[in-house]
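User: I'm new to reading protein structures. Could you walk me through this one with some questions and answers?

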Amino acid sequence: MDRKRHPLCLVAAATIVAFPFAAARSQRIEADGGSAEAQAQSHVQTARRLAGTDLATTFEFFCVPGNARPNNFSAPPLEPVRLFDNLYALGNSETVVYAITTSEGIILIDAGVAAEVEPVLLPGLIELGLDPADVELVLLGHGHSDHYGGASHFQTRYGARVGTTEADWKTIAEAAASGRPGATPAPSRDLTVREGEPVVLGDTTITPIEIPGHTPGALAFIFSVRDGGARHVAGLFGGTVLATAYTPAEGLERYIGSIAHFLEVAARENVDVEIQNHPIFDDTPSRLAALAARAPGEPHPFVMGADRYQRFWGVVSECMQADIVRKSSR
């Protein structure tokens, strides 16, 4: 296998942002803080205020009991689409793969399930005018097979490198060693991604943020996108908990702390574009329809502004905390 020509840089930052364990501890559920349902309703009301009328979809998904659900593995393919001049979305409509074009090749964020590489992902890239052979790097939002499943294809066929955290390389290795029938082939251990070490390919820099909770080594990514002459900053939180039943209580507490940590970085980087690898709670279908109908000069439907972006993840956090309270009181 020929390795790729272009160098990939993992650039060490001068200051590494530490995970705010104190912030996580401050959000633990206190037994003497009133009844469980009263505590839960306090979080729900905070979420409702944050949501206003423009984030109702997110509020209803996470805060209305019974609405939150995992992604559907049988969901139909997403119609491949260019979201920004350098950002494309394709793959499964509920487990999206993003392609970032750079001056030295393509970065994929996630690679979907193995079974959809040949029938969905590769044709989608070609439909968008992107050559799968130009994929230089696959970054994984977290170490579950619906995100890393297709990574080994790009690694073995095209020489792409695959990157995730030390913790989620272990998550992937454990899944591969489980012996379950039909287990997804894992990519070979390649790049180890760390917070404080931006990933650079050509003219593109991606800032990784460690967000443990959904998995021990989940990652968020912050990077620039272009819309004609305008520059925006996208945030992709790659380890979203969709339903609390699938994450242990300790992981949920870490997850709430991870959201707070991520929002600190997102505020500093002025993130104003929200994208999601499981876009079932952020009104993506209507935003895609608005993008398709967008006339020249009209606002970009995926640009929500920095303040609304903070409110968006605040809604998720408050709703999730309400769910944790209810879960812990059962």
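User: How much area does the protein chain expose, and what share of it do carbon and sulfur atoms supply?
Analyst: This is a predicted model, where local features need pLDDT of at least 70, side-chain atom pairs count only at pLDDT 80 or more, and totals for chains, interfaces and linings use all residues. Residues are numbered from 1 along each chain as its sequence is written, and side-chain values use heavy atoms, with hydrogens and water left out. Accessible areas come from the Shrake-Rupley method with a 1.4 Å probe, and for residues only the protein chains shown count as cover. The chain exposes about 14100 Å², and the carbon and sulfur share is 52%.

User: What percentage of the 330 residues count as buried?
Analyst: Buried means under 20% relative accessible area, exposed means over 50%, and partly exposed is in between (1.4 Å probe, protein chains only). For this protein chain, the buried part comes to 54%.

User: Which cysteines form a disulfide?
Analyst: A disulfide here is a pair of cysteine sulfur atoms within 2.5 Å, and by this rule the count is 1. The sulfur atoms in question sit 2.1 Å apart, and they belong to C63 and C319.

User: Where in the chain are C63 and C319, and how many residues apart are they?
Analyst: Helices (H or I, at least four residues) and strands (E, at least two) are DSSP runs, numbered from the N terminus. C63 is in helix α3 (residues 56-63) and C319 is in helix α10 (residues 306-329). The disulfide links distant parts of the chain, with the two cysteines 256 residues apart.

User: Is C319 buried or exposed?
Analyst: Its relative accessibility is just 2%. That's why C319 counts as buried.

User: Which helix gives the largest share of the largest nonpolar core?
Analyst: A nonpolar core is a set of buried Ala, Val, Leu, Ile, Met, Phe, Trp, Tyr and Cys residues joined through side-chain atoms within 4.5 Å. The largest one has 40 residues, and F59, F281 and W313 are among those touching the most other members. Helices α2 (36-51) and α3 are among the elements that each supply at least two residues. The largest share, 10 residues, comes from α10.

User: How many residues of helix α6 are buried?
Analyst: Helix α6 covers residues 151-158 and is mostly covered. Its buried residues include H153, F154 and Y158, and they pack against elements including β5 (105-109) and α4 (117-127). Out of 8 residues in α6, the buried ones number 6.

Definitions and conventions
Contact = heavy atoms within 4.5 Å.
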